[in-house]
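Please consider the structure shown below. How are its strands and helices arranged?

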Amino acid sequence: MITVEHLTKRYGNFTAVDDLSFEIEEGHVYGFLGPNGAGKSTTMNIMTGCLSATAGHVTIDGYDIFEEPDRAKRLMGYLPEQPPLYLNETPVEYLKFVGEAKGLRGRELAAQIEAVISQTKLEAMKNRLISKLSKGYKQKVGIAQALLGNPKVIILDEPTVGLDPIQIIEIRDLIRQLGQEHTVILSSHILSEVQTICEKVLIIAKGKLVTFDEPENLDAFRTPFVLLPDLKSNNHRSFDRGKVFRHHACCPGTAG
């Protein structure tokens, strides 16, 4: 479904993503785990075509994100860490705008808006200004816009960050439901979260892949600190584990 080969991103002398390679199969919920600054968001931005790479390739269902961006982006829905919301609009108005940017029109657009509002349980809030919504509901609006166009792949960057415990449970339940119909990739810096939600987990540190395994095989990382092996030696180092779209035309799923 998704193939990432030798992906590298440098900013001057700093390497944010360092020769990263992995494959994502269709029909699973994947966790992308690492400490803050590990390169998770950078990798997701490259995978979704919102950021260029220094080197490497990303293909989505056979389409190269750099060579055939329109085809590749139509297969993806993306929620960045900061939801790309217009606060002076209602969820319905905002979803209409995003749906039109993705090429939806008329009855199809109306039907999809109704469907994603139901799927994310936004019915009671759909006509309220987004600026008046709680952070949890704003996150649901962000997920709803990612679902428009019925993409095969849903990519969620830190979808539960900053939420209260009840909101976290609601978003996790929603992600599980999405995994029944889509391939879902979510990032987090919390091991217990990806073990709770995900079927397979990638751990990265300093832009490099540390391990790619099933959640039950990651108990070695369950400590007060997440221990990640030094990739250049046999030593270990420890980490405390405790934006907005640049333009909707760059956003996965958009037309043109």
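The following exchange treats the sheet and then the helices.

This is a predicted model, in which local features need pLDDT of at least 70, side-chain atom pairs count only at pLDDT 80 or more, and totals for chains, interfaces and linings use all residues. Residues are numbered from 1 along each chain as its sequence is written, and side-chain values use heavy atoms, without hydrogens and water.

Student: Which strands stand at the edges of the open sheet?
Tutor: Strands (E, at least two residues) and helices (H or I, at least four) are DSSP runs numbered from the N terminus, and two strands pair if DSSP finds at least two bridges between them. The sheet has mixed pairing and the order β6-β7-β8-β3-β9-β10. Two strands each have a single partner, so one side of each lacks a neighbour in the sheet: β6 (76–79) and β10 (208–213).

Student: What is the bridge partner of Val201 in β10?
Tutor: Strand β9 (residues 200–205) pairs with β10 in the antiparallel sense, over five bridges. In β10, Val201 has as its bridge partner Asp213.

Student: How are α5 and α6 oriented, roughly parallel or roughly antiparallel?
Tutor: Axes are lines fitted to C-alpha atoms, for helices over the stretch in contact (heavy atoms within 4.5 Å), and angles run from 0 to 180 degrees between N-to-C directions. The axes of α5 (residues 135–147) and α6 (residues 165–178) come within 10 Å and cross at roughly 15 degrees. Angles under 35 degrees count as roughly parallel and over 145 as roughly antiparallel, with 65 to 115 roughly perpendicular and the rest oblique. The orientation of α5 to α6 is therefore roughly parallel.
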